[in-house]
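Hi,

Here is the structure I promised to pass along. Have a look at it first, and my notes follow underneath.

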Amino acid sequence: MQQALQSNMKRFRTFLNYTKNYLRRKNPIKLFKKGLVAGLKDALSINKKRKMVQNKLKYQMYQLSQMEKLIAQNNEHAFLRGNKFNEMR
């Protein structure tokens, strides 16, 4: 009986040592804090990111309109320029 109790206490102590060493290596409180801080930084900087995306979108739309203008100028179709249509009359 006493030998079984001692072996159980030894197992319990080794379990506590493993647990303590694990908590030292991978501190869940520090990981939670780090994740929380990263989440707050993302949440607080989302407005800045939104403005950057809006500016990129506006620039892409501007480039698209410029390309469409160039295509319309160099295209021979009547509905884009009208020159051929007037010549055919």
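**Notes on helix α2 and its surroundings**

Helix α2 is hardly covered, with a count of zero buried residues among its 17 residues. Please keep in mind that this is a predicted model.

The wider setting first. The protein chain has four helices and zero strands, and along the sequence they give the pattern α-α-α-α. Of its 89 residues, 2% count as buried. The accessible surface of the chain is about 9200 Å², and carbon and sulfur atoms account for 62% of that.

Back to α2, which covers residues 28-44. From its first C-alpha to its last, α2 reaches 24 Å, close to the 24 Å expected at 1.5 Å a residue.

There is a nonpolar patch on the surface, too. Phe 32, Leu 36, Leu 40 and Leu 44 make up this patch, which has an area of about 480 Å². One of these residues, Leu 40, lies in α2. As a general point, an α-helix has 3.6 residues a turn, so residues three or four places apart point the same way.

Then there are the charges. How many salt bridges does the count come to? The count comes to one. The salt bridge joins the side chains of Lys 49 and Asp 42, at 3.5 Å from N to O. That distance fits the rule, because a salt bridge needs the nitrogen within 4 Å of a carboxyl oxygen. Lys 49 is partly exposed at 42% relative accessible area, and Asp 42 is also partly exposed, at 44%.

Happy to talk it through whenever suits you.

Best wishes

Technical notes
Residues are numbered from 1 along each chain as its sequence is written. This is a predicted model: local features need pLDDT of at least 70, side-chain atom pairs count only at pLDDT 80 or more; totals for chains, interfaces and linings use all residues. Side-chain values use heavy atoms; hydrogens and water are left out. Patches are made of residues with over 30% relative accessible area and no salt bridge: like charges are joined within 9 Å, nonpolar side chains (Val, Leu, Ile, Met, Phe, Trp, Tyr) within 5 Å. Accessible areas come from the Shrake-Rupley method with a 1.4 Å probe; for residues, only the protein chains shown count as cover. Helices (H or I, at least four residues) and strands (E, at least two) are DSSP runs, numbered from the N terminus. Buried means under 20% relative accessible area, exposed over 50%, partly exposed in between (1.4 Å probe, protein chains only). The expected span of a helix is 1.5 Å times one less than its number of residues.
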